[in-house]
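Grab a coffee and work through a few short exercises on charged side chains and their surroundings. Have a look at the model first.

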Amino acid sequence: MQGDKLHSDVLVIGAGMAGITCARALAGAGQSVMVLDKGRGIGGRIATRRVALPAGEVSFDHGAQYVNPRDAGFARELEQAGAALWQDGADAPHLVGAPGMTALARAMAAGLDIRQSCEVTALVQARDGWQVSTAQGVFLAPRVIVTIPAPQVAGLLGADHPLVEGVAALRMQPCLTLMAAFPPDSPRPFMHRYDTAHPLAWIAQNSSKPARSAVATTWVAQAGADWSAAHLELTPDQIAAELLPLLCDAIGADPRHATYASAHRWRYARVAQPLGQPFLHSADRSLYLGGDWCLGARVEDAWASGRAIARAILGQAHVG
C-alpha cells in the first residue's frame with residue numbers, strides 16, 4: 001500500500017449485475033478485485049425493499065421483476081444463486097430471488113470485496129495506474145471497469161474523454177414504480193399484467209412470488225416510459241398519490257384500504273436503443289465501460305456485458 005491509497009489489480013465501479021459478474025470472474029481467475037458502489041445495497045436495479053407494517057414485515061421487488069435466462073451459463077449461475085420459479089402461468093420460466101430479488105445479487109457477489117456507500121468523485125489516470133477518489137479514500141489500480149448508467153459516464157470521465165463520445169447518443173428511459181400493500185383478503189385478479197397502452201405498463205402481485213410474506217397482499221406497479229418521463233420530477237409522495245388510484249382501478253381495490261404506498265424513481269431504468277456491443281474500452285485497455293445499456297434492458301444483458309469484459313481481460317492476460 002502506498003500512503004492512504006488502496007491497491008488492487010482491478011477496480012470495478014458499480015455493484016449491479018454487470019459489475020458483480022465481471023468482478024466474480026476476475027476474482028475467480030486469481031486477480032485482486034475491489035468493487036465500489038455508491039448505494040447502501042448491491043444489485044443495482046435487482047432491488048428489494050423491506051417494509052415493517054403493523055401486521056409484520058413485507059417486501060417489494062421494485063426493480064427487476066424476474067429473470068428469464070436464455071444463455072445456459074446464466075441459467076446455471078442463477079440456479080447456483082438459489083433462484084426460484086415464480087408459478088405465474090407465463091409461457092417462459094420466470095425466475096426470482098427468494099425471499100426477494102436482491103438475494104440473487106447477494107449470492108452472486110458472495111466473497112467479493114465490495115465497498116458500499118462509496119461514491120466515486122474523481123477518476124484520473126496517472127503514471128502508476130488509475131486513481132479513484134472517494135469519500136472513503138483513494139483507490140489505485142492499473143485497470144478500472146465502469147458499469148454505471150451511460151448518461152453518468154461523462155460526469156465521471158469528463159466530457160472530452162474519448163470513450164464519452166461512444167455513449168453520448170445513448171438515451172435511457174425512466175421508470176416510476178409504485179409499491180402498495182393491502183389486507184390479505186384484498187382482490188387478487190391476476191399475478192401480473194403487461195399493457196404498454198396503460199399508464200401502468202406492468203403490474204405484479206409481489207406477494208404471489210415464492211417465499212414472500214403472507215401478512216399482506218402486495219403489489220408492484222411500474223409506469224410506462226412516457227408516463228414516467230412526464231412525471232419524473234414529482235416527489236416520491238406525489239408519484240405514489242398519482243399511481244395508487246390507477247393500480248386500484250386495475251385490481252378492483254379501494255385506495256382507502258391500502259396499508260402502505262410509496263414510490264421509487266428509476267431515472268435510468270432501461271436503454272431506448274442499446275450500444276450494440278458488450279463493452280467499450282480505452283486504447284490501452286486499462287479502462288472499460290459496460291452495463292445492460294450495451295446490449296439491452298434485460299438482466300441477462302448486464303450479465304453478458306460483465307462476462308464479456310472479464311473474458312477480454314483474462315484473454316489479454318493469457319496471451320501476455
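Let's fix one term: buried means under 20% relative accessible area, exposed means over 50%, and partly exposed lies in between, using a 1.4 Å probe and protein chains only. This is a predicted model, where local features need pLDDT of at least 70 and side-chain atom pairs count only at pLDDT 80 or more, while totals for chains, interfaces and linings use all residues. Residues are numbered from 1 along each chain as its sequence is written, and side-chain values use heavy atoms, with hydrogens and water left out.

**Exercise 1.** Place His62 and decide whether this residue is buried or exposed.

Step 1: His62 sits in the loop between β5 and α2 (helices are DSSP runs of H or I with at least four residues, strands are runs of E with at least two, and both are numbered from the N terminus).

Step 2: Its relative accessible area is 6%, so His62 is buried.

Step 3: Look at who surrounds it. Leaving out residues up to four places away in sequence, His62 touches Ala47, Thr48, Arg49, Thr177, Met179, Val220, Gln222, His264 and Trp266; contact here means heavy atoms within 4.5 Å.

**Exercise 2.** Find the salt-bridge partners of Asp61 and say what each pair ties together.

Step 1: Recall the rule: a salt bridge is a side-chain nitrogen of Lys or Arg within 4 Å of a carboxyl oxygen of Asp or Glu.

Step 2: Asp61 pairs with Lys209, with the closest N and O atoms 3.1 Å apart. Asp61 is in the loop between β5 (56-60) and α2 (72-80), and Lys209 is in the loop between β15 (200-205) and β16 (217-223), so this pair ties together parts 148 residues apart in sequence.

Step 3: Arg212 also bridges to Asp61, at 2.6 Å between the closest N and O atoms. Arg212 belongs to the loop between β15 and β16 and Asp61 to the one between β5 and α2, so parts 151 residues apart in sequence are tied together.

Step 4: Put the pieces together: Asp61, Lys209 and Arg212 form a network of salt bridges.

Step 5: Check burial. Asp61 is buried at 0%, Lys209 is buried at 3% and Arg212 is buried at 11% relative accessibility.

**Exercise 3.** How many salt bridges does the structure hold?

Solution: nine. One of them joins Glu300 and Arg298 at 3.6 Å, N to O; Glu300 is buried at 8%, whereas Arg298 is partly exposed at 26%.
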